Amino acid sequence: MFVGLETTNILVLGTGDNLHQQVLASLPLCDVTEEDLTQSPQFCKLLATLTQHVDRSGLTVPLKADLDRAEQKLQRQKRQWLCSESLHRGLQEMIQEFYVRKHNSTFYETMERCLRVTQCSKQLDPSSTTSQDKPSVLGLTPQQVLQLLPSEKDVQQMKQALPRQLERRLKEKCLSLVSYYQPEWENESEGLKTNKLSHLSILLDKDKKRTEQLKETCRENTVLLQRQTQLYLSELIKCIQLLQTLLLDHRLKIQTDLDGKKLDYFEGKCELVLQKIKTEMVEIQLDTYSHDTISAHRKIREKLESELTACKEEKQALEMKLSSFEILGKGFEALADEYCRLRQEIDMKNWALKELTKYNEK
């Protein structure tokens, strides 16, 4: 029988996605998503059955009825208290106005005196608040305080004038409230304001209901935003994971190409370094060869110069001999031939020395 009732309740709500949406709308405080209901159909059926016994706030139907009755009782007591509190504050404001204006008036003096005596007598009488006896203040009793009331005549005159005064003051406050609620009504006539004042409670009630509806809509939008945020974050996490997978695959695919390019780069760099080393070694060898060649040429030049000096010395010696043998006559021809031979040899060595000097300068 219970299964049949449960099935009937579910059929009343709906099926499929419509059932999920109705469950979520009936239980806005339940922190579940449509995906959770789809993955757990039995749990969705349980919530659908539960919506027949609880309201949107999660309270059961009997408890909600008791709460509504208590709320109505509280509202009645609140209205009674507000009524008495408004009258009391109105009387206090009238007394304060009397002191501000500083004019003689038996009405205000009598009203103030009655108000003070009544307040003091209530403070001295604990019967209205507790069953226990309170210690008296300064040994006074409520009856002794009530003897301070004005004369009966003044009290009767005050009671006759008080309704008109309260009515006038309350009317002024109500008209001020109307002007505050709708500032454009401030310049209208008093009769028109009074007419609109009779509809003010209806307007305020409409505004209150509209405010409550807006609050409920805002609450629903907040719940919907939270769910959408959760869905968005879950989808975002999935996208991030997919992106990480794609990046990893792409990195693995291009890693081989990157390694090949790096290898080619390092090979080319090594070849450049080796080529530079070879060039430097050739330059060093050339410098070494040039140094050895210059040393050899220097030695040859020194040798030729020494030989030239020796030839010059031999020439000088022969010239001296020639000058000493000029007197010999025909025997001088043999000496002259020897001189010519030495002269040619000296010229040949001078020419070789000049060629060697030109080569060194180059």
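These are my notebook entries on a predicted model of a single chain.

**Entry 1: overall make-up**

I started with the secondary structure and got eleven helices and zero strands. Read from the N terminus on, the order is simply α-α-α-α-α-α-α-α-α-α-α. Then I checked burial: 19% of the 362 residues of the chain count as buried. The accessible surface came out at about 28,500 Å², and 58% of that belongs to carbon and sulfur atoms. For contacts, I took pairs at least 6 apart in sequence; 57% of these join residues at least 24 apart.

**Entry 2: helix H5 and what packs on it**

Next I looked at H5, residues 61-101. Does its end-to-end distance agree or disagree with the expected span? With 41 residues at 1.5 Å a residue, H5 should span 60 Å, and its end C-alpha atoms are 58 Å apart, so the two agree.

I then pulled the buried residues of H5, which are Gly90, Leu91, Met94, Ile95, Glu97 and Phe98. The spacing made me think of the usual helix rule: an α-helix has 3.6 residues a turn, so residues three or four places apart point the same way. What do the buried residues of H5 pack against? I found H6 and helix H8 (152-181) as their partners.

On the H8 side I picked Arg169, which is found in that helix. Arg169 has 14% relative accessibility, so I logged this residue as buried, the cut-off being under 20%. Not counting residues up to four places away in sequence, Arg169 touches Gly90, Glu93, Met94 and Glu97. Gly90, Met94 and Glu97 are also among the buried residues of H5.

On the H6 side I picked Glu112, which has its place in helix H6 (residues 106-124). Glu112 counts as buried because its relative accessibility is 14%. Leaving aside neighbours within four places in sequence, I see Glu112 in contact with Ile95 and Tyr99. Ile95 is another of the buried residues of H5.

**Entry 3: Val145**

I moved on to helix H7 (residues 142-146), where Val145 is found. Is Val145 buried or exposed? At 8% relative accessibility, Val145 counts as buried. Its contacts, leaving aside neighbours within four places in sequence, are Val117, Cys120, Ser121 and Leu124. I also noted the distance to Lys122: Val145 and Lys122 are 23 residues apart in sequence and 10.0 Å apart in space, C-alpha to C-alpha.

**Entry 4: Thr49**

A quick stop at helix H4 (residues 41-50), which holds Thr49. Thr49 has a relative accessible area of 10%, so I put this one down as buried too. From C-alpha to C-alpha, Thr49 and Val23 are 9.4 Å apart in space, with their positions 26 residues apart in sequence.

**Entry 5: the largest pocket**

Last, I ran through the largest pocket, which holds about 290 Å³ of space. The lining has 13 residues, and Gln21, Leu24, Ala25, Leu224 and Arg227 lie nearest the centre. Which helices each supply at least two residues of this lining? They are helix H2 (16-26) and helix H10 (200-325). H10 gives the largest share, six residues. By type, I sorted the lining into six nonpolar, three polar and four charged residues.

Notes. Residues numbered from 1 in each chain as written. Predicted model: local features only at pLDDT ≥ 70, side-chain atom pairs only at ≥ 80, totals over all residues. Heavy atoms only, no water. 1 Å grid on protein atoms, 1.4 Å probe; cavity = no way out; pocket = protein on both sides within 12 Å on 5 of 7 lines; lining within 4 Å. Points joined across faces, edges and corners; volume = space filled by probe spheres on them. Helix = DSSP H or I, 4+ residues; strand = E, 2+ residues; numbered from the N terminus. Nonpolar A, V, L, I, M, F, W, Y, C, P; charged D, E, K, R; others polar. Buried < 20%, exposed > 50% of the residue type's maximum accessible area, 1.4 Å probe, protein only. Contact = heavy atoms within 4.5 Å. Areas by Shrake-Rupley, 256 points an atom, 1.4 Å probe, with all protein chains shown as cover. Expected span 1.5 Å × (residues − 1).
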